[in-house]
Amino acid sequence: MAPIHHSSQRIHRTIHISEHLNSRGNNLRNMSNINSLMGSQNVLPQFRSKTVCILSCRSCQTTVCLRGMKAILLADTRVELYSTDSMPLGVQHISPEYTTNNCNCKIQDVACLGCGNVLGYNVTTACFSCLADCNNGHYWMLYSSSVTASERIDPKDLQPLLWAFLPTAEEEARLRNPAENPCR
């Protein structure tokens, strides 16, 4: 799962998910929904202590993500970016799906709807080799050069919120929009 750096056209694989896959190597579509299978409480131990970040477009300061995580590229651990488990707010796919030279993942570039700045990419179909690597289950990648990050504060104790305590994206949406919850 590799971003294409338009200046150098170098390709790198990023952090991905391997849990909940069968051993036959099937690809999964719509990777942004994978966290609904896992839940934030099932985040691998090495990611549970990471701080949740709020991400904004560096160009227009529009908030695009409330569920960001600092990540690294698997192919080059010196390269940092941010990832998220759900579709960022106010972004749109701007390219057709394409594959990379390093793997068979299919990805699409995404840009800010506020200003058009390219923010990162979405892994739309992950290949088996990437899914087998240690990963955080996120399929939306935002370049650290395109976004600014701030720590998300836990309202319970006013400390930085950790991924171990973050509700799933679906639970969080229900909490924000209680009128959309079905009556029981």
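Q: Hi! Is Glu172 buried or exposed in this one?
A: Glu172 is buried in this predicted model. Its relative accessible area is 5%, and buried means under 20%.

Q: Which residue does Glu172 form a salt bridge with?
A: Glu172 pairs with Arg67, and their closest N and O atoms are 2.6 Å apart. That contact links distant parts of the chain: Glu172 sits in helix α4 (residues 169–176) and Arg67 in strand β2, 105 residues apart.

Q: And Arg67, buried or exposed?
A: Arg67 is buried as well, because its relative accessible area is 4%.

Q: What other side chain does Arg67 meet in a salt bridge?
A: Asp85, with an N to O distance of 2.8 Å. Asp85 is in the loop between β3 (80–84) and β4 (91–93), while Arg67 belongs to β2 (residues 63–72), so this pair ties together parts 18 residues apart in sequence. Asp85 counts as buried too, at 2% relative accessibility.

Q: Which residues are linked in a network with those?
A: The salt-bridge network is made up of Arg67, Asp85, Arg152 and Glu172.

Q: Nice. How many salt bridges does the structure hold?
A: There are 4. One of them joins Lys70 and Glu80, with the closest N and O atoms 3.4 Å apart. Here strand β2 supplies Lys70 and strand β3 supplies Glu80, and the two are 10 residues apart.

Q: How accessible are Lys70 and Glu80?
A: Lys70 is partly exposed at 37% relative accessibility, and Glu80 is also partly exposed, at 41%.

Q: Switching to strands: why is β7 described as largely enclosed?
A: Strand β7 covers residues 118–125, and 7 of its 8 residues are buried, so the rest of the structure largely encloses it.

Q: Which strands does β7 pair with?
A: Strand β6 (residues 106–112) pairs with β7 in the antiparallel sense over 6 bridges. Strand β8 (residues 140–143) also pairs with β7 in the antiparallel sense, over 3 bridges.

Q: Which residues could I look at for each pairing?
A: For β6 and β7, Lys106 stands opposite Thr125. For β7 and β8, try Gly120, whose bridge partner is Leu142.

Q: Last one: what does Gly116 do in the hairpin of β6 and β7?
A: Gly116 takes a positive phi near 90° there, and the hairpin has 5 residues between the strands.

Definitions and conventions: Residues numbered from 1 in each chain as written. Predicted model: local features only at pLDDT ≥ 70, side-chain atom pairs only at ≥ 80, totals over all residues. Heavy atoms only, no water. Buried < 20%, exposed > 50% of the residue type's maximum accessible area, 1.4 Å probe, protein only. Helix = DSSP H or I, 4+ residues; strand = E, 2+ residues; numbered from the N terminus. Pairing = 2+ DSSP bridges. Salt bridge = Lys/Arg side-chain N within 4 Å of Asp/Glu carboxyl O.
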